[in-house]
Structures are given as structure tokens and as C-alpha cells.
Amino acid sequence: MPIGKLLVANRGEIAARIMRTARQLDIATVAVFSDPDADAPFVEAADEAVRLPGAVPSDTYLRGDAILAAAKATGADAVHPGYGFLSENAGFARDCAEAGIVFVGPPVAAIEAMGSKIRAKELMAEAGVPVLPGATVGGLPDGDDRTTDDPTRLERLAVGIGFPLLVKAAFGGGGRGMRIVRDAGEVVAAVTAARREAASAFGDGTVFLERLVEDPRHIEVQIFGDTHGTVVHLFERECSIQRRYQKIIEEAPSAAVDDALRAELGKAAVSAGEAIGYVGAGTIEFVMDSSGSFYFLEVNTRLQVEHPVTEAVTGLDLVALQLLIAEGAPLPDEVRSAEVVGHAIEARLYAEDPTADYRPGSGTLHRFRIPDLPGIRVDTGVRDGSVVGTHYDPLLAKVIAHGPDRAQAVRRLARALSEAHLHGVVTNRDLLVGILREPEFGAGHTDTGYLTRHDPAALARDADETGTALHALAAALADQAARRAATTVLAPVPSGWRNVRSQDQCAQYRDVAGTELDIRYHLGRDRLRARVNGTELVDVVAHHVGPDVVDLEVAGVRRRIDVHRVGDATFCDSALGASTLYEPERFPEPGSEVAPGSLLAPMPGTVVRVATQAGQAILAGAPILVVEAMKMEHTVKAPCDGTVAEVLVAVGQAVEAGEPLAVITEDEPE
């Protein structure tokens, strides 16, 4: 039966991507949205849209009853869950079937079997797929003999598995509910934290212990099954570049997999799919050690975030295949005979600060522009003016490059990212470019320990001091040009003109690190004399000065600097990198100063744990409290030895970025 109208039970870039294919197939689309997403591009892209009720925006997309009500109200005969949210929820898939609505995904039985990583491991072991030793702890129903919260038994189980090991959430993914444990004394705290995070992210706090393969490669195989009993694989993807167990760079094929190993991986993945009667798009994930031995990790019974790299090297539209299979058609010949052509690589562009422990960013995305270069594809759910909130994952876009070989694909992706204009929120763009241009990555020597060996701050390609100084001068010139363009008095008079010149023009800014920048300049007939923080720039020529573009030559090198101003912020982009500059606040609100020793909230979020109390002595690095934002926990630690003078927040309290959380009195040196 053909699908006539498809409801996309998701948001952001994946919702927009699914709708793009549905439109090409002449399938009408329905979006569902929470209040913060009311003006999002994916809502505009749909033929119809229905608001989801809910007091907590992050939970609205988990309301299966509301989504089915929206399908009934619009006459949708199919639901595509995307990834995350309800995509691997067997109960929702069952509810769709009972409502006579096609669920674009695998059968309920397959979701149930693979929804729990614990049960999935048991089934894979029975199917002959290599698995790692482990044990289930915590979160299971009372009476289950695998349930234990007893500290002594937890430590005994961990010792039996061997160290190092991982505490992992039984449900969900994306690195949430996961902790590394290296000795028995860490087990109880790791299990407690992982259970709390898993319960928050997935609604289930079940976790298990599993032996950790140190710095493996993360290899996954794309599979497809149809309702006629056929299961095939569409080769592997390498997903080893990760932070906090979440992928940020993925590619296909893997540089570490030859034809023989590819066949072995594909055979194991197909066997896994056949063992559970798999239908639709799925991914079998493995960890692979340096010898090439691989072990089952999990099955994702949905479309993956990184599916575009498989599409690029095979020429197939995986969403179109999902819809075709959901209509009951057999896998077409082009899927059975697919081959790998060239190389593809994807970077996940996040609103986060890699130099501050990947702290998520929020705010208005004033400008979002990625150049349209050959071989580049951009999947995004944002645009100029989009608001990046704290309710959802901070993914802004996936930027994908395809080329005839790995080296060319990597270069294309690095160039596209480096030329992007991303204004208003902090991003991981510089880290991504740094990785792509780093020699070890270029040689294909990647594993999950890559960002442990390489300091993210060192990899990030920030504008150097020369670039920041030049950008500050360009900002001052552009601001002055904008003021002159808007003036109605003596408009023909050049900027800075005086009958008897006595003083330079001046401007002040601060960069994102808080460094003050004092700019002094004078525009002459042929030359521009300029100083930044007292240092004079050599041989400066202003070829063009406008409100949006400044063309400067300094010491014989000419550069174009794009300038974009919003409020008190000025964003500059050039070959030297990107800078964000702020005008200093000249008249702060009285009483706005915070008490000395105050610890400030690193981002908007909710306090989920307070680990100290007033009067308690603490050591530097000790946890003070935990803030949850975007379904991830962020620990605020003591910056020094001292005493907790005051705790200003409580568990469950919502806090804004920069809000004081606690006050620490530093110990006096002896």
C-alpha cells in the first residue's frame, strides 16, 4: 500500500531531511512541534503542522498519544520517527499498528529485542556474533536476579569483568548514561551517576557493566531488510572521532577496513539482522581493536545521524528506501548490487565550546552560512535568526563532503567549514577543522582515544593575535562607516575629518576571552595609521571600508574581512579565522556585581544534584553541584581549596548562564 501522507515525529535537521525525500516521492508531510520550535525551518517545510501540548518542551516529542492524535487529525497514514525520541520505542510502534498507521521502522519484536542493549548482547551471542563480557546492574524490576545496588556486590561484579570497564545505559544512546571505571572504588559512584542520567534522557535507569576495549575503532555496518525475508548490508562507516562517547566525525568507508575484513563485518551484520527478522534501516555497531578483531556493541533500530556518508558513497537515498520498504516493496536491485564509490566524510557542527569541556551554547544564531562548494552537502534544521535553546541536543548541522578519495573528501570538508559564517553562538567549528587538517587524522590513524591524545583547545583553529588585532581594526572602521552611512548631517565629509586634526579616532572592544582591545586610527589620503593596544600596525592601506566589508592591506598582505554587527557584538570573518568582539558595557546596572568567590552557572539548565553544604571544607576539583542541560550532566567543581560559604541554589531549580550557584572562600596560603 503506498503511503499518502507522512507524519514526521521528530524535529530539526532530520525532520527537514525526511520531508525533502517525501516531497520528491509525492508524499504529503505533517510536522509536529513544541512551542520553542514553532518558527523552525522544518515546520515551514511541511505541508501541515500540529502543535504538541506539553509543559516541558523537551518531553513533547516523547508524547506518543499526542503524535497519534496529530496523525488522526491530519489523516496521516504513516509515521517516520527519525532518530532519537520515539524512534526505538516499541510501545509507540505497537500503538501505531493498533491505530492502523504505518510505522516507518522495524517490527515491534525487533525493536523490543534490540531496545535493551542487555538483551541484544544475549541474542547476538546466540547468533555467533562476538560480544564483550559484562553484567547487568540496577534499574531492573524488583525480583530480577540480575538487579543489584549493593556496593559490595557491584564491586565484586566489576572485578569479575575486569578493568577498565564501562557503565552503560541499557536503553538509548548518544553517550548518555555512560561512565568509564578503572578501579573498584569508582564503581558505585559511576553506576549512580549513569543511572540518573539514563533515567533523565531515556526514562529508564537500567545500566550494565561491560569490559572496555581501550581506544578501539568504532565501526558500524548499515543493514537493510525487507518484508520478503531479505537482509543486506551497505558497507561500513568509521565513527571513531568522538567526544563524551558521542560521534562528531564519521566517514565511509573506513581507512582501516580492507576487502576481506569488510566482507567479514558485513557477514556478521547480516547474520545479526537475520537473527531478529530485521526489516527497514538498521545499524550494527562494533568496536574493533588494533588487531582487527571486532566485538558487538549494539543495534540501532533506526536511521543513523551519519547515514548521509553511506548515501554519498552508494548513491542511494536511505530515507526513500525506508519508505519503499514500509510500503511492502522488496529491496530493489540497486541495493543488492550497491558498491562503494569514492569516499565521504561528515562533521557534526554543534553549538558547544570544546575548550570548556564541550559546554553547550545557546542564544540566537544571527548568521548561518556554509559555502556551496563542489561535493558539499549540508543537512540542517537552523537558519539566520534561529534560537538555539537548552531543551534539545545542540546539533546545528551535518556538513558532508564526497570526493574520489579520502584525502580530497577531507580537504573539501575542511574548506567548507573554515569558510562558514557562524555568528551568535559558540560552535565546535574550529575543532572540526583542526582535526581534519591534523596529520594523524589525515593518515587515517583514528580511534576513540583520538581526542584524549590531542588537546581540543590546541586543535581548534582560532584566529591568532594578529588576526584578532586586524579584526578589531576592521570592526572599528566598519562601525564608523555604518555611522557615516546613516548620518544626515554633513554626509559628504569623510569619516574622522577635522579642520585641524589633533586626536586619533578610537574604539574599544573585548574578545570572547575578555581581553580588552583599544583601537586608535587615523584615515589619511593614501595610508591608514592604526594602533591596537599601543602596538602600531605596519604599512596599513584601506582599499575599501564599508559597513559590511573591509579590505585592508597590512605589511604588504591584503585581506578581505567580512563584518557583521548585531547589538553590541561584532562578528569578523577572514582568512585569519573568525573573531567575536563586544563593546564594553559602559554603564552597568547598580548592584549587578556578584560576590567574590562566586561560582557561576556555565549554561542555562536545571540543578540535579548539590554535593556540598555551607561551612564544608572542600579541595580544588571537588564537585560542588551538577547542572543538567540538553539531557547531559555538567559538574561544577571547586576552583581552589577553601570553604563553601554559601549554596545559592537547590535541586530542581532552573538557572540561567552566569547565575551565581555557590560562594567559595579560598584558603589563605600558609
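Mentor: Buried means under 20% relative accessible area, exposed over 50%, and partly exposed in between, with a 1.4 Å probe and protein chains only. This is a predicted model, in which local features need pLDDT of at least 70 and side-chain atom pairs count only at pLDDT 80 or more, while totals for chains, interfaces and linings use all residues. Residues are numbered from 1 along each chain as its sequence is written, and side-chain values use heavy atoms, without hydrogens and water.

Trainee: Why does Phe85 count as partly exposed?

Mentor: The relative accessibility of Phe85 is 30%, so this residue falls between the two cut-offs and counts as partly exposed.

Trainee: What makes Tyr61 buried?

Mentor: Tyr61 has 0% relative accessibility, which is under 20%, and therefore counts as buried.

Trainee: How many aromatic pairs are there?

Mentor: Rings of Phe, Tyr and Trp (its six-membered ring) pair if their centres lie within 6.5 Å; planes under 30 degrees apart are stacked, over 60 edge-to-face, and the rest tilted. By this rule there are five aromatic pairs.

Trainee: Why is the pair of Tyr61 and Phe85 called tilted?

Mentor: The ring centres are 5.1 Å apart and the planes lie at 35°, which is neither under 30 nor over 60 degrees, so the pair is tilted. Tyr61 lies in the loop between strand 3 (48–51) and helix 3 (64–74), and Phe85 in the loop between strand 4 (78–80) and helix 4 (90–98); the two are 24 residues apart, and their pair links distant parts of the chain. Helices (H or I, at least four residues) and strands (E, at least two) are DSSP runs, numbered from the N terminus. Tyr61, Phe85 and Tyr392 form one aromatic cluster.

Trainee: What makes the pair of Phe441 and Tyr450 edge-to-face?

Mentor: Their planes stand at 75°, over 60 degrees, with the centres 6.5 Å apart, so the pair is edge-to-face. Phe441 is buried at 0% relative accessibility, and Tyr450 is buried at 1%.

Trainee: How do you know that the charged end of Arg11 sits over the ring of Tyr392?

Mentor: The criterion is that NZ of Lys or CZ of Arg is within 6 Å of the ring centre and within 35 degrees of the ring normal. The charged end of Arg11 sits over the Tyr392 ring, 4.0 Å from its centre.

Trainee: Why is strand 13 called largely enclosed?

Mentor: Nine of the nine residues of strand 13 (residues 280–288) are buried, so the rest of the structure largely encloses this strand.
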